[in-house]
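Here's a short set of exercises to work through with a viewer open. Try each task yourself before you read its solution.

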Number of protein chains: 2
Amino acid sequence: MPKINADRLLADLRHLRSIGAVDNGVVRPAFSEEDMEARRWLKAQYEAAGLEATIDGVGNVLGRSPNAGTALLIGSHSDTQPTGGWLDGALGVVYGLEVTRALREDPETRHLAVDAVSLQDEESRFFGCMGSRSLCGFFTPEMEADAQDKDGVLLSDALRDAGLRDAPRIQLDRERYLGFLEAHIEQGPHLEEDGLGIGVVTSIVGLGGLRLKFDGQQNHAGTTMMAIRKDASAALYALANAINEEFPKVAGERSVWTMGRAVIEPGAASIVPGYAELDLQYRDKSTEVLDAFEATVSRLIDEINARGGAKITSEPARVRVAPAHMDEGFRRHLAVAAQKNTGEMWTEMPSGAFHDAGVISEFMPCAMLFIPSIGGISHDFAEDSHDDDIALGCQVLADAAASILGE
Amino acid sequence: MPKINADRLLADLRHLRSIGAVDNGVVRPAFSEEDMEARRWLKAQYEAAGLEATIDGVGNVLGRSPNAGTALLIGSHSDTQPTGGWLDGALGVVYGLEVTRALREDPETRHLAVDAVSLQDEESRFFGCMGSRSLCGFFTPEMEADAQDKDGVLLSDALRDAGLRDAPRIQLDRERYLGFLEAHIEQGPHLEEDGLGIGVVTSIVGLGGLRLKFDGQQNHAGTTMMAIRKDASAALYALANAINEEFPKVAGERSVWTMGRAVIEPGAASIVPGYAELDLQYRDKSTEVLDAFEATVSRLIDEINARGGAKITSEPARVRVAPAHMDEGFRRHLAVAAQKNTGEMWTEMPSGAFHDAGVISEFMPCAMLFIPSIGGISHDFAEDSHDDDIALGCQVLADAAASILGE
């Protein structure tokens, strides 16, 4: 069986962190200079590992194995959150690279075909999982047309500035692949709390999002009597608080919802705000719960609009993602490899976070593997995992890839 | 009696609008390039009107009359809100200029001493009413030390960039002055609704402000269960909504409160916010109501903090301003002049907005005159008044100034 090289793996992960490093974290949002530098570096590593590598027209880096036979695709994303951790995405990308190297170095597995990939914009600067959507043929012209980041930068301008405007976009050949494997840090506390080394993912929660808009009348905060105000901020505070009070009544056991972005305009203490925006995101493993959340928001909007004041409207902030089930055959291989490498110190678990495998599972079979996050912290510069856990996860993934392809 | 020149007055107002004009409004915040250009232009106009003019070390433009005798100070502020109207402040500044010219052109009043002033940063970019506070000796080193705008620009850097670091700061000589007269647009709908041309201000409401801070734990919006979150935004929405529900129970008839600035960090839809800030401002003519508002906020903070989650703290966002009463003697002169110029079409009224006269009234007698605002709109590019009302207000102010000084 193949043997991964832990020192090489960790050295590559640390080099990748150095591109955009801030404190222990990374600032490498999709299409930034640092992101493109990281992608060029990954392309060179794929080539050094014997893969035929390309950066495609949305920034995906794909390294194709020259070996014959049906292939596995292994990887994740190398773009980060605005203030990202160093392992979120990067871990799975470098695992893909290291697994191809380990298989190539073992005479028994060097004939197997593993493609490595770094997907683009999983973190939703312009459009969440843009890279995996594009590879699967799911990234439509409608999605692309008006895409812009939160500062108003257009996707089309970002593609041009990254030098990608004329680069071909790759669509995966379904016949080539058995499926896709993605490893990731857990981004939650469960593995660490239970002293486990590996999580084999059963399903990825679905998620939806709404952008709520509040149209009021900007005016002077001293002379405009309360009774006649159309204060956009007051409507936002009322709706946001009502959502936090009402959602628990329809939520599932592991439902989560977040209103992490609110903008009040013009944003001065002595001006009654004329306009505001609020982003709401909600996740659950059940489509029925996601539907119930959306119905609740509609009802609350109607109730608050009926009071007068600023007018609230709602539109989808993103494409609804259905809950995704991981392939049972792949999961059995991952379980065998986890059992071999950890003894009993692994578990099956759902993924509360969304991942590219949630998109790709609508195109071909997928499976995911988690390693522990220290303190459960993610999307933060403080995100980290222990070196031993990082090495262990890569070995489990290499073993599973070899056994899937060897069947 | 002096006769103001309406064409000259309107031409000067329109020229002042042209410095920083956007649509029908103006963007001329304190110490911006446009603000300083406007102040240099005003200084030249003061000099052309026979005044000895200076831009002092905080940006106040003061034009001193060379005439003997006790003087009146007349003016307002020429800085604007971030998206300001063209008359807010500017009207009272150009009235001061025009009244000095009209008195100088009339043989019966040319011996009278009127000083004209454009005060700095009434609109609180760095520190509300900084200019009038400084002129009265109320702008302390403590207020100045940490002053910064909402983008984090330090006042000390803004003063340096405006070339004011080494300019002397003027403090008014109390012995020189009878008092201060300030004219302003109403910024509310009452005069227009009642078909009146002039409002003689009886008092200026007091105001206070709090900056509320929410310290939570930034984390991943998918993997962090609701029960263990410390979501800064959730605490903000809860407190802001509770304030809007509880304040009416202790408010006065004309109380107003506003939460026009909220900042959620890091501000992404898929990150549980770790930090947030909310600015609360409240106004009433009664000190007791202002006290009741602050006690209510303290109680609500304690209640929400007791639930766990993000921790809320509160600090004064500005110096509490006590309600200010206008000088009865000055008010009688304004009433006589209003009666003479409008017949019965004037009224006495409180000011819901704060003004520099509210600061200066703690130093010497003050009075204020309002003219109608079209639609009651202010702090907005759409702010406007009719030319006839603008001319009428200036004539009333000139008549009142002449009669006060002629006593």
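Where in chain B does P266(B) lie? P266(B) is in the loop between β11 and β12 of chain B, where helices (H or I, at least four residues) and strands (E, at least two) are DSSP runs numbered from the N terminus.

Before going on, some ground rules. This is a predicted model, in which local features need pLDDT of at least 70 and side-chain atom pairs count only at pLDDT 80 or more, while totals for chains, interfaces and linings use all residues. Residues are numbered from 1 along each chain as its sequence is written, and chains are lettered from A and ligands numbered from 1 in the order in which they are written.

**Exercise 1. Check the backbone for unusual torsions.**

Step 1: recall the background. Most residues other than glycine have a negative phi, and most peptide bonds are trans.

Step 2: look at omega. The bond joining E265(B) and P266(B) is cis, with omega about 5 degrees. In chain A, the peptide bond from E265(A) to P266(A) is cis too, with omega near 0 degrees. P266(A) sits in the loop between β11 (256-265) and β12 (271-272) of chain A.

Step 3: look at phi. F31(A) has a positive phi near 75 degrees without being a glycine; find this residue in the loop between β2 (25-26) and α2 (33-48) of chain A. Q187(A), also not a glycine, has a positive phi of about 65 degrees, and its loop runs between β7 (177-185) and α7 (190-193) of chain A.

Step 4: buried or exposed? The cut-offs are 20 or more other C-beta atoms within 10 Å for buried, 12 or fewer for exposed, and partly exposed in between, with C-beta atoms placed from the backbone. F31(A) counts as buried because there are 27 C-beta neighbours inside 10 Å. Q187(A) has 25 such neighbours inside 10 Å, so Q187(A) is buried as well.

**Exercise 2. Describe the overall build of chain A.**

Step 1: count the elements. Chain A has twelve helices and 17 strands.

Step 2: test the globule rule (2.2 Å times the number of residues to the power 0.38, with the radius of gyration taken over C-alpha atoms). For 407 residues the rule gives a radius near 22 Å, and chain A has 23 Å, which agrees. The C-alpha trace spans about 80 × 45 × 40 Å along its principal axes.

Step 3: check burial and contacts. Of the 407 residues, 57% count as buried. Take two residues to be in contact if their C-beta atoms, placed from the backbone, lie within 7 Å. Among contacts between residues at least 6 apart in sequence, 78% join residues at least 24 apart.

Step 4: split the chain. The domain assignment (bounds from an automatic or database assignment) gives domain 1 (6-205 + 323-406) and domain 2 (210-316) of chain A. Their C-alpha centres lie 35 Å apart. Five residues of domain 1 are in contact with seven residues of domain 2.

**Exercise 3. Map the surroundings of G208(B).**

Step 1: place the residue. G208(B) belongs to strand β9 (residues 206-215) of chain B.

Step 2: count neighbours. With 22 other C-beta atoms within 10 Å, G208(B) is buried.

Step 3: list the contacts. Leaving aside neighbours within four places in sequence, G208(B) is in contact with Y282(B), L290(B), E294(B) and R320(B). The C-alpha atoms of G208(B) and R320(B) are 4.6 Å apart in space, although these residues are 112 apart in sequence.

**Exercise 4. Work out how the two chains are related and where they meet.**

Step 1: superpose by least squares on the C-alpha atoms of residues with pLDDT of at least 70 in both copies. A rotation of 180 degrees, with 0.1 Å of shift along its axis, puts chain B on chain A with an RMSD of 0.1 Å. That is the relation of a two-fold axis.

Step 2: find the residue of chain B closest to the rotation axis. Y237(B) is the one, with its C-alpha at 2.5 Å.

Step 3: inspect the interface. 51 residues of chain B are in contact with 51 residues of chain A. Elements giving two or more residues to this side of chain B include α8 (232-246) and β13 (275-284).

Step 4: compare the two sides. The copies meet through the same surface, because 100% of the interface residues of chain B are also interface residues in chain A.
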